[in-house]
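The following exercises concern one molecular structure and are each followed by a worked solution. Please examine the sequence and the model before reading on.

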Number of protein chains: 2
Amino acid sequence: MNILYDERLDGALAPTDKSSVLTHLQQALPDMTLLHREEDLRPFECDGLSAYRVLPMLVAMPHTLEQVEALMRCCFELGVPVVTRGAGTGLSGGALPLEQGVLLVMSRFAQILDVDPDARIARVQPGVRNLAISEAAAPFGLYYAPDPSSQIACSIGGNVAENAGGVHCLKYGLTVHNVLKIEVITIEGERMTLGSDAFDAPGFDLLALFTGSEGMLGVITEITVKLLPKPESAKVLMASFDDVEKAGKAVGDIIAAGIIPGGLEMMDNLAIRAAEDFIRAGYPVEAEAILLCELDGAEADVDDDCATVREVLENAGATNIAQARDDAERALFWAGRKNAFPAVGRMSPDYYCMDGTIPRRELPRVLKGIAELSEQHGLRVANVFHAGDGNMHPLILFDANRPGELEKAETVGGKILELCVEAGGSITGEHGVGREKINQMCAQFQPDELTAFHAVKAAFDARRLLNPGKNIPTLQRCAEFGAMHVHKGELPHPELPRF
Amino acid sequence: MNILYDERLDGALAPTDKSSVLTHLQQALPDMTLLHREEDLRPFECDGLSAYRVLPMLVAMPHTLEQVEALMRCCFELGVPVVTRGAGTGLSGGALPLEQGVLLVMSRFAQILDVDPDARIARVQPGVRNLAISEAAAPFGLYYAPDPSSQIACSIGGNVAENAGGVHCLKYGLTVHNVLKIEVITIEGERMTLGSDAFDAPGFDLLALFTGSEGMLGVITEITVKLLPKPESAKVLMASFDDVEKAGKAVGDIIAAGIIPGGLEMMDNLAIRAAEDFIRAGYPVEAEAILLCELDGAEADVDDDCATVREVLENAGATNIAQARDDAERALFWAGRKNAFPAVGRMSPDYYCMDGTIPRRELPRVLKGIAELSEQHGLRVANVFHAGDGNMHPLILFDANRPGELEKAETVGGKILELCVEAGGSITGEHGVGREKINQMCAQFQPDELTAFHAVKAAFDARRLLNPGKNIPTLQRCAEFGAMHVHKGELPHPELPRF
């Protein structure tokens, strides 16, 4: 693997003189909003992962593409790092600012440029809210499928940057499966179109490469998404279980029965009680676990699938199966699930949200492992997650004001993610790596694989000015973290490149 | 954009001494089959695109991963280019050998390693035939969805390298949507795992990057594919039209009605007559065009969809609509379509197959444009293609023995692809760029975009030893070809990097 260095690199990491950068940008971009006073910067000090806070050096809020281009060129010339931010709802600190960097806020690019019902596509700016796309498509009977729980607030640019998921991704795929084309601007201020309106584009799949790249390869300035026809019918079953592992096994049984539910979500007792207390969704507070299974499609098909799933759930030992009577109750069932995170937040001063994925068959074993870790370390863990995808969201409850509890929570979180990796899964499903999970990447990947990531990064941003310190750890960081992945007994490469 | 040069590069393009390479490889790999006599090399001189033929310098047929690693390391050290070949069914010359290169034949890696019906995945070696995966999964009621017409012969490694499509890709996606994980070996002999068994993997999406990379980034040595449950029911409608454009418009109407058919294929009169003459599929030889529309899913759902599609087809002016009475007739309807290429081959000494994609709404206009080009240049063109995807396969009929006809066919082909690009589409849907369409890539992409491709290539293979001269044209080639893409009136970058 070839990592090719840019000798100007070190400049990027040198301390930057704020006032000279400010002066330079103000002169180059007199019409762009540029925040620099502490009180103006404060609202941008964190994203949805509020545990980490950093005051940015400057906040840039362009409103034209020409300004974005010029800003990127200036930062490239000055060697100033750039962190791009959408709505700031990300849960892994991907938009956490840098003290020595510019925070590029894309919220002014919030126009829906085109909805084409015949081609079933929408062309939008990155600051458009996820749900706003479905609202714009609704008059044509269409919608945009990926639905992160933050969909009323999160913006599509961030969804692409993080390859966001949601309740319906089991059937309809992640963001990467629902995006056709993006426009990007590189750190050198070049515009590129990746993907195409047609169903495939030749050359390397740079569209997929940029999707989920967490702002490390370029700034996304326009997105063309696929729209899907709204299913004719959707029904939700809620099954109760007296045992978490039985519920975990039922998930695999449903899939093995040939059903692909629109959504298949699991909550354990702690999550159920939290959500019920907050939303009054009608959840069974005595159950050890519930499964919410949505079936969608043509009316007759949905009825058939409901009957099959009921049978599977009964055989798997469900103690009760309820079906939402109408769309209002269906919405209520989902409201409990979608508000589970804030609901858990009402039970504990702090919680730490994990995002590990595992192969479905490992669900019972990993759930048991999490329960054991919870007991060993004396911290409660609520489980609420995309069971069908094997995408777990254990929420570790703690009180940051009690000395040592944050560290204990981080330890439990790290161990849970290592359990996921060991089970053949990964440390993040849909929330991204960001700042939060960068050390766990050392456990996930071999040095050769990390080196490949760095080589790709260098192809677009050799000076590593875009979102440094996120997503892909340096090999040096991994060596220091002491969790270097050892593959098949081989030690890491003796001569590691240093970053 | 940063292109970082490897100064050793030029060595790779220097003439190579065959006998010294042979001696070196024989010594390093005494147990590996290594063909070097002309009569042994002859069978490998072309792939499915028989218009181009080159005798490889050497053919290597390893049967262990250690041999592949050692071979790659040797070629890297010697600066000898490597072209990887699967079953050799590719239609764009992607596996065309090099006179100065080693052809790496992966056909001995032909084992199905694991079928896991609960996780719905299969783990296979690259030389496994596409159809063999579905056969192995059939006892569990599962199958592998992408189905290129060559599926009885083509191998899955080549499918991944070319991001192969097929009749069912409209509903079930291309290869990239159906692969979970691959193992690869780089030109430096390093093994990497890309993707994961779980539903998403953190870091950059190198799995998608490798899928469709046409052997330019590494050698694929193992593939984990998704399996889908076989639909309960599948029915096929065949609609006749007295006008090609009407049929083209009907395609968009079906999609706009909220239906996603399992397959939606179109054939024009020339293709219909060729196929009928060859297969006796029961096609209407007087029709100007037919649409084959397969609907699959739950029984009741399929019946509903059939009724909707019938209505849409009638409104679109279909002169007749037939429904396959049983699975035997359904298979026959598809046999005509899947054998259309060889069928057309019986009508003309030679044909030239295009693979352009366009947005569906442009079908009527582009079909008209193709008819005009056909008339202007006096060459017959048969159209047979994945209409639902907007993936066209015009077959340009010619006789290579008549002076100037090949050139004329290439001209018409080039103009058709330019028409596709101009309509917002691309020069290849599922056959890849390979050697054949490398000049058209100059029309498809801007210099900045091509430079991004080269930068990514350099990250994995800075000496450009893997499949050089395919897929991604050098900027110098584009300048010589004279078809440099001009974007929004801007001239190409004045200081082009040279390759």
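**Exercise 1.** Identify the residue that stands opposite Gly263(B) in β14(B), then describe the surroundings of that strand.

*Solution.* Gly263(B) stands opposite Glu294(B). The model is predicted, so local features need pLDDT of at least 70 and side-chain atom pairs count only at pLDDT 80 or more, while totals for chains, interfaces and linings use all residues. Residues are numbered from 1 along each chain as its sequence is written, chains are lettered from A in the order in which they are written, and side-chain values use heavy atoms, with hydrogens and water left out.

Step 1. Strand β13 (residues 263–268) of chain B runs antiparallel to β14(B) and is joined to it by 6 bridges. Strands (E, at least two residues) and helices (H or I, at least four) are DSSP runs, numbered from the N terminus; two strands pair if DSSP finds at least two bridges between them.

Step 2. Strand β12 (residues 233–241) of chain B is also antiparallel to β14(B), with 9 bridges; here Leu237(B) faces Cys293(B).

Step 3. In β14 (residues 289–297) of chain B, 9 of 9 residues are buried, that is, under 20% relative accessible area with a 1.4 Å probe, protein chains only. Both faces are covered: Leu291(B) and Cys293(B) are among the buried residues on one side, Ile290(B) and Glu294(B) among those on the other.

**Exercise 2.** Determine the strand order of the open sheet of 5 strands in chain A and locate the helices packed on it.

*Solution.* Step 1. The order is β5-β6-β10-β8-β9, with antiparallel pairing. The edge strands, β5 (112–116) and β9 (191–195) of chain A, each pair on one side only.

Step 2. Helix α4 (residues 65–78) of chain A packs on this sheet and touches β8 (179–185), β9 and β10 of chain A. Contact means heavy atoms within 4.5 Å.

Step 3. Helix α5 (residues 130–137) of chain A likewise packs on the sheet, touching β5, β6 and β10 of chain A.

Step 4. An unreviewed UniProt entry annotates residues 52–230 of chain A as "domain: FAD-binding PCMH-type". Over residues 52–230, chain A is 21% helix and 25% strand.

**Exercise 3.** State how chain A is laid on chain B.

*Solution.* Step 1. A turn of 180° with a shift of 0.0 Å along the axis lays chain A on chain B with an RMSD of 0.0 Å, superposed by least squares on C-alpha atoms of residues with pLDDT of at least 70 in both.

Step 2. This is therefore the relation of a two-fold axis. The same surface serves both copies, as 100% of the contact residues of chain A recur in chain B.

Conventions. Axes fitted to C-alpha atoms, helices over the stretch in contact; angles between N-to-C directions. UniProt positions renumbered as here; feature names shortened; annotations may be inferred. Buried < 20%, exposed > 50% of the residue type's maximum accessible area, 1.4 Å probe, protein only.
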